[in-house]
Amino acid sequence: MLWVDKYRPKSLDKVLVHQDIAENLKKLVMEQDCPHLLFYGPSGSGKKTLIMALLRQMFGASADKVKVENKNWKIDAGTRTIDVELTTLSSTHHVELNPSDAGFQDRYVVQEIIKEMAKNRPIDTKGRKGFKVLVLNEVDKLSREAQHSLRRTMEKYSASCRLILCCNSSSKVTEAVRSRCLNMRINSPTEEEIVKVLEFIGKKEGLQLPPGFASRIAQQSNRSLRRAILSFETCRVQQYPFTSNQAIPPMDWEEYVSEIALSMLKEQSPKRLFEVRGKLYELLVNCIPPDIILKRLLYELLKKLDSELKHEISHWAAYYEHRLRLGQKAIFHLEAFVAKFMSIYKGFLIETFG
Amino acid sequence: MGKVKRSSAIVISSSDDEEDKDFILKTNSSYSKSVPVRRTRKRVNRTPLSDSRSRVFHDSNSEGFDVIKRFCEDFDQGFPQFKVSSGSGTNIGLWVDKYKPRSLEELAVQKKKVDEVKTWFEERLRTSVKNSCSNVLLVSGQAGVGKSATVYAVASNLGAQVHEWNTPTPTIWQEHLHNSNSGMRYTSKMDEFESFVERIRKYGLSSMTRTSPSSIILLIDDLPVVNGKFAYGRLRWCLHLLLRSVHLPTALLIYDYGKSDSAEYNTGYWEELQLSLLNAGACKVTFNPITVNSIRRTLSKICRHEQFEVGDEQIDLIAKASGGDIRSAITSLQYFCLKPFRMNSQSLSKSSVTHPEEDMDKNNLLNGGICLPFGRDETLSLFHALGKFLHNKRESGILSEPDRNTILLRDKFVRSPLKMDAPEIVLCQAHGQTRAIADFLHENVLDFVNEDTIDDAWSVSSYLSDADFLLGTLGGTLTRNFEAENVIQSAAASIAVRGVLFGNAHAVTSRWHAIRKPKLWQVEQSLRHNKCQMVSRWNAIHSSLKLCELSVIATEFNPALNWLQYEVPKDGESQQVSTAVHNGEDDYFDNDACDDEIEEW
């Protein structure tokens with residue numbers, strides 16, 4: 001088992017970061033009931049961990065007995081039936097799924113699943129009709145229609161089920177949904193917190209941590225706890241005992257992106273643009289999301305840019321990131337950004353060096 | 001002709017009087033029977049009663065029609081002036097029928113091809129039943145190049161009779177309902193064709209005619225339309241049987257939906273079919289489109305016959321507009337001569353009238369000649385159109401002097417006029433889908449951008465991004481409003497194309513470029529594949545139950561897992577890439593095989 005999973009706190013009492021939020025959540029579910037919740041925050045900040053712990057708090061150990069199901073939903077949509085296949089994770093008390101995996105059919109999935117859940121409500125120990133919890137991941141990737149239908153179903157079935165929504169950015173969740181939920185912002189852990197967690201794990205594993213090593217990992221982790229733990233484990237596999245100046249293995253795709261950035265800075269021509277396109281394809285093929293590519297690329301470029309260009313380049317990156325979400329094929333927009341950068345940078349070079 | 005001794009005549013009486021006229025032929029004394037024939041498609045809307053009757057008749061006796069059809073042809077041949085009177089009472093037959101070539105000399109088809117066909121039939125007819133394997137001749141070519149005319153002409157030249165597989169009239173849905181209500185079994189066209197082939201194989205034509213079998217040519221013009229793999233397989237099997245066991249020389253006409261309009265997605269089937277038949281021992285003759293010269297010759301001959309004076313100019317125009325399709329050329333000519341200004345006899349007034357017309361046509365010619373009311377619309381292959389856009393050919397001369405009400409543009413926005421029709425027109429002709437066009441342009445445009453001008457590259461790619469943005473709004477966010485979608489589609493296409501044309505201001509001077517298939521498609525395919533693989537791998541590793549976002553798996557877990565060599569099955573990142581590459585290769589093979597089928601993707 002990966003350390004990420006192994007040292008995931010199982011209950012709200014045991015969390016190391018966001019202890020205040022955990023405390024509040026505990027109070028919230030004292031009565032075994034809770035409002036709809038919306039967890040949002042950057043990746044690797046501990047949203048899922050909190051949700052799992054919360055479920056455990058609500059339902060006890062039975063929330064841990066989960067099974068994975070690959071369900072086929074047959075949805076009657078007026079004139080035709082739609083087949084949607086989706087993986088769900090469910091216990092007797094909750095169902096978890098990534099509705100955005102269903103692509104543009106997500107709205108049917110959301111409605112259908114909630115309806116189905118509402119049909120068979122569990123009965124709790126006191127004979128009251130209980131409720132089920134539906135955990136929806138990546139709500140921000142749901143289409144607008146799906147979010148609207150989510151809102152309606154939330155109201156209609158609020159007696160029988162609670163929703164826990166989880167997403168990276170609440171700005172992509174519609175206002176209507178947000179206002180019906182209790183919003184929980186989960187911040188990225190600070191570097192000190194990450195160091196604390198790493199040291200905790202080190203102690204449990206019985207490892208000797210040279211001073212400064214944990215903080216270096218924390219620095220490189222981009223304040224993502226998951227990433228920090230993963231690279232910590234990677235370091236452990238690569239070389240133990242640790243040395244204080246041990247290299248921390250970077251993510252391969254990030255290296256690739258920085259390579260792209262370098263080649264963009266070196267030459268600006270249609271031919272180079274074409275080469276960059278090939279490299280971008282390579283990244284896309286390996287399932288790296290285009291927006292993350294763009295973000296990373298910008299980050300790498302900004303490191304090397306003259307400060308007077310930074311603003312303009314960031315502007316264009318934002319512009320094309322927006323386009324990327326609205327458009328259909330990411331590469332068109334990524335490439336347009338690359339071309340724009342090259343064009344600006346070349347102009348700048350000519351101006352300064354003649 | 002005239003060898004037919006069969007004296008039975010079949011009369012269909014339809015309840016509608018006015019239609020009877022269509023079918024009744026005046027007969028000649030030597031036959032002395034009235035022979036009303038020719039089922040036309042008009043009949044489908046007759047009263048149900050007579051309909052079912054004739055349907056019965058047709059199903060049981062379809063060979064009878066063939067015989068009778070031959071009668072008609074004989075009539076036509078014997079009495080060219082003697083026209084079938086048509087329902088409206090006017091005396092205009094179709095010139096296409098009237099001037100059907102009756103001898104080899106009249107054919108406008110390339111002499112060589114005719115000879116080929118002729119020698120093939122001669123051989124078969126001489127040594128009748130010998131080598132059954134090659135008794136089938138495939139005649140392929142685009143519509144209207146005279147495939148069947150050639151077969152008929154060759155047959156009459158050799159003194160043989162043509163026996164044609166008559167396509168049954170299509171059953172319309174109401175008819176079908178009616179039939180099934182009245183307890184008739186529906187036989188599909190495919191079934192009918194199959195039973196026809198069966199009969200031919202087993203009994204030859206002897207059951208249908210009494211002529212000496214050596215002088216019969218079987219002509220299968222219209223193969224049943226097949227849809228889907230299964231029906232296709234049946235057709236193929238059927239034709240193979242025919243090929244193997246038919247004793248009569250058989251001509252099988254295959255339409256070549258050439259390169260130009262491959263809108264039919266199943267053209268692949270036809271090619272495959274042809275190939276498999278060829279492998280099974282059939283011979284093949286391919287007819288090329290008829291040359292402009294021979295069309296011109298034929299047209300002027302017809303004009304002479306009909307005593308219309310049509311200027312060379314017009315004939316030339318018609319010939320060119322027809323695109324090698326002589327049938328459409330002749331029909332165009334007839335239509336042209338129908339114009340109100342035509343005068344039958346007075347040559348004086350005629351010439352005076354036609355002159356202004358000629359001038360107008362000349363003007364049309366200068367303007368690009370789009371105003372002609374006839375002729376087939378040219379279609380362009382998508383590749384051709386893409387080539388036009390990418391090469392970005394423009395007039396090289398000086399720009400028109402800034403005068404009158406032209407809007408003054410800054411220098412950097414000024415472009416020379418295009419050396420082609422408006423891009424939208426070209427797009428129409430190429431009937432490509434917007435998405436495909438955008439993808440192709442995106443893939444290929446960088447090859448055509450000048451090496452020093454990264455600005456151009458940017459403006460091109462920004463326009464493409466705009467186009468993609470427009471196309472993206474189609475994806476489900478709009479409620480299905482097809483009209484709006486259409487508008488958006490064409491706007492996106494227009495932006496993509498015009499953006500490429502405009503943005504590429506300093507196009508490279510023409511050089512040869514291969515147009516690649518968008519790599520994007522391949523990337524998307526392998527992306528899907530990789531996603532599935534990644535999920536399954538994830539599930540294999542984490543029998544622990546946990547859902548995780550794909551992006552997180554890809555960006556964080558996967559690299560770490562690779563470092564940790566945390567592999568259940570041994571398939572790491574590297575192999576994933578290699579499978580992607582492998583997929584791609586497969587794709588490319590596909591691509592080589594059918595380069596023109598863009599619609600498929």
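Two strands are taken to pair if DSSP finds at least two bridges between them. On this basis, in the predicted model examined here, five strands of chain B form an open sheet in the order 2-3-4-1-5, with parallel pairing. The edges of this sheet are occupied by strand 2 (161-165) and strand 5 (283-286) of chain B; each has a single partner strand, so one side of each is left without a neighbour in the sheet. Direction ignored, neighbouring strands of the sheet are turned against each other by 25° on average.

Helix 4 of chain B, comprising residues 111-126, packs on the sheet. This helix touches strand 1 (136-141), strand 3, strand 4 (250-255) and strand 5 of chain B, and its direction makes about 155° with that of strand 5 of chain B. At the edge formed by strand 2 of chain B, the pairing with strand 3 (residues 216-220) of chain B is parallel and extends over five bridges. Within this pair of strands, Val162(B) has Ile217(B) of strand 3 as its bridge partner.

The interface between the two chains was considered next. Chain A contributes 68 residues to the contact and chain B contributes 61 residues. About 5500 Å² is buried between chain B and chain A, and carbon and sulfur atoms give 62% of this area. Four salt bridges are counted between the chains. Arg277(A) forms a salt bridge with Glu443(B), with the closest N and O atoms 3.8 Å apart.

Helix packing across the interface involves helix 14 (residues 330-353) of chain A and helix 16 (residues 434-444) of chain B, whose axes come within 11 Å and cross at roughly 35°. The crossing of these two helices is left-handed. Helix 14 of chain A makes the contact through Ile331(A), Phe332(A) and Glu335(A), and helix 16 of chain B through Arg435(B), Ala438(B), Asp439(B) and His442(B). By class, the residues of this contact comprise three nonpolar, one polar and three charged.

How values were computed: Residues are numbered from 1 along each chain as its sequence is written. Chains are lettered from A and ligands numbered from 1 in the order in which they are written. This is a predicted model: local features need pLDDT of at least 70, side-chain atom pairs count only at pLDDT 80 or more; totals for chains, interfaces and linings use all residues. Side-chain values use heavy atoms; hydrogens and water are left out. Axes are lines fitted to C-alpha atoms, for helices over the stretch in contact, and angles run from 0 to 180 degrees between N-to-C directions. Helices (H or I, at least four residues) and strands (E, at least two) are DSSP runs, numbered from the N terminus. A crossing is left-handed if the near helix is turned anticlockwise from the far one by less than a right angle, and right-handed if clockwise. Contact means heavy atoms within 4.5 Å. Ala, Val, Leu, Ile, Met, Phe, Trp, Tyr, Cys and Pro count as nonpolar, Asp, Glu, Lys and Arg as charged, and the others, Gly among them, as polar. Buried area is the accessible area (1.4 Å probe) that two parts lose on being put together, summed over both. A salt bridge is a side-chain nitrogen of Lys or Arg within 4 Å of a carboxyl oxygen of Asp or Glu.
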